[in-house]
Amino acid sequence: MDLRIENLSVRFKDFSAVKDLNIEIKSGELVSLLGPSGCGKSTTIFTIAGIHKPSEGHIYFDEKVIDDIAPEKRNIGMVFQNYALYPHMSVYDNIAFPLKLKKLPKKEIKDKVHKISSLVKIEELLKRKPSQLSGGQQQRVAIARALVKEPEILLLDEPLSNLDARLRVEMREEIKRIQSELKITTIFVTHDQEEAMSISDKIVLLKDGVLQQYDLPSKLYKNPKNLFVGSFLGNPPINIIHCDVNKKEDSIRLFNKDFKLSNFINTVNIPADMKDLNIGIRCEDFIISETYFENSIEANIEFIENLGKDTILKIKVGDTAIKVVTTYDTIPDKMTNVYIGIKPNRLVFFDSKTGDNLSYD
């Protein structure tokens, strides 16, 4: 089922939780709502579910406006952060509960429960109570209960936040597998950028209830629409460096050294009268060498953080501190000086006043 949100605003008294949101989700896509706490993610998903009412705008399932349709009649499945399983019921009865509300025949209920249990790999748990399950198992049960009634849209509100790091990775892979097999339109709410990047067909990034960018994960990372998007995505975060620009000379002054713009980027829309801007450089977009190379700058290593396959370097270039990511075997533990350069076409130019990406398209 296609889902379209048109000019959606949701207000609670004087507080605007969502402001003029417009997105379209194609049938079978998995889209993440991403952003910091209080950005409007949960409000949006609860409005889609019918728990909140739009203050302005409309929500469409296919071409049908569903603003005034009761939640139970929207044919959605929803998984909450705390799973919301009934502790006194067995796993089987938890999954079967929405089917029993529909008063389906016992044989049909049994067939559906076993079918969905097989899909989420919990067939051997059907006789247990929720208290006898691990967090990952409880989450699978919650997903099975949401899917057993064969909804047209699946809503997942921070479903992995109560799991440990390793289990989170395992379960997000499982959610993607299940969603792909069922080809069900899915909205996944998370504040975790890694989760959103790894699982999503597209990402809706929100800040203070306002859409910042809606795009493919790779586009948000490589071509952020503004400084907030660029800074929110990436771990370690993108390096933001203030620099002077001389459009007439086609040059920028970066790290107290003048560089030709053409060394770094093919096209960028820098206004002729712009004197300064902010430059974003991803931590992995530096070139590092023990010896001088063309257009490189000498730098001091202040701290080395080994993370297995990757090494994070905290580097000082003059008065500017940056972080650089390199492979674990690139830098000897006791090295203090290096030469750094920047890979071609990897700089992101942000307007120093508006924060807009000057080369965004």
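# A walk through the model, one selection at a time

Helix H1, residues 41–49, is a good place to begin: it is mostly covered, with eight of its nine residues buried. Keep in mind as you click around that this is a predicted model. Colour the buried residues of H1 and you will pick out Lys41, Thr43, Thr44, Ile45, Phe46, Thr47, Ile48 and Ala49. Now step just past the end of H1 to Gly50, which has a positive phi near 95°.

**Zoom out**

Show the whole chain as a cartoon. The protein has eight helices and 20 strands, and 49% of its 361 residues are buried. Along the principal axes, the C-alpha trace spans about 75 × 50 × 35 Å. If you look at contacts between residues at least 6 apart in sequence, 67% of them join residues at least 24 apart.

Next, select residues 3–233. An unreviewed UniProt entry annotates this stretch as "domain: ABC transporter". The span is 36% helix and 26% strand, and the C-alpha atoms at its two ends are 26 Å apart.

**An open sheet**

Select strands S1, S2, S4 and S5. They form an open sheet in the order S2-S1-S4-S5, and the pairing is antiparallel. Which strands stand at the edges? Those are S2 (15–25) and S5 (64–65); each has a single partner strand, so one side of each has no neighbour in the sheet.

Move to the middle of that order. S1 (residues 3–12) and S4 (residues 56–61) run antiparallel and are joined by five bridges. To see one of the pairings, click Arg4 and then its bridge partner in S4, Tyr60.

**Strand S8, covered on both faces**

Now select S8, residues 185–190. Is this strand enclosed or open? Six of its six residues are buried, so S8 is largely enclosed by the rest of the structure. Rotate the strand and check each face: Thr185, Ile187 and Val189 are buried on one side, and Thr186, Phe188 and Thr190 are buried on the other.

Add S3 (residues 30–34) to the selection. S3 runs parallel to S8, with five bridges between them, and Leu34 has Thr190 as its bridge partner in S8. Then add S7 (residues 153–157), which also pairs with S8 in the parallel sense over five bridges. Here Ile153 stands opposite Thr185.

Stay with Thr185 for a moment and show its side chain. Thr185 has 0% relative accessibility, so it counts as buried. Which atom does its side chain reach at 2.6 Å? That is the backbone oxygen of Met1. Leaving aside residues up to four places away in sequence, Thr185 touches Met1, Ile25, Lys26, Ser27, Gly28, Glu29, Glu152, Ile153 and Leu154.

**A buried residue in a loop**

Jump to Leu125, in the loop between helix H3 (106–119) and helix H4 (135–147). Is Leu125 buried or exposed? With a relative accessibility of 2%, Leu125 counts as buried, because the cut-off for that word is under 20%. Show what surrounds Leu125: its contacts are Val91, Leu133 and Gln137, again leaving out residues up to four places away in sequence.

Try your viewer's distance tool here. From the C-alpha atom of Leu125 to that of Ile304 is 46 Å, and the two residues are 179 apart along the chain.

**Rings and charges**

Last stop: the aromatic side chains. How many aromatic pairs does the structure hold? There are three. For one of them, select Tyr292 and Tyr339: the ring centres are 5.9 Å apart and the planes meet at 85°, so this pair is edge-to-face. Tyr292 sits in the loop between S15 (286–289) and S16 (297–307), while Tyr339 is in S19 (residues 337–342), so the pair ties together parts 47 residues apart in sequence. Switch on the surface and look at Tyr292, which is exposed at a relative accessible area of 52%.

Two more tyrosines have a charged neighbour to look at. Select Tyr221 and Arg282: the charged end of Arg282 sits over the ring, 4.0 Å from its centre. Then select Tyr214 and Lys202, where Lys202 lies over the face of the tyrosine at 5.5 Å from the ring centre.

Notes. Residues numbered from 1 in each chain as written. Predicted model: local features only at pLDDT ≥ 70, side-chain atom pairs only at ≥ 80, totals over all residues. Heavy atoms only, no water. UniProt positions renumbered as here; feature names shortened; annotations may be inferred. Helix = DSSP H or I, 4+ residues; strand = E, 2+ residues; numbered from the N terminus. Phe/Tyr/Trp six-rings, centres within 6.5 Å; stacked < 30°, edge-to-face > 60°. Buried < 20%, exposed > 50% of the residue type's maximum accessible area, 1.4 Å probe, protein only. Lys NZ or Arg CZ within 6 Å of the ring centre and 35° of its normal. Contact = heavy atoms within 4.5 Å. Polar contact = N/O pair within 3.5 Å; in protein donor to acceptor, adjacent residues only side chain to side chain. Pairing = 2+ DSSP bridges.
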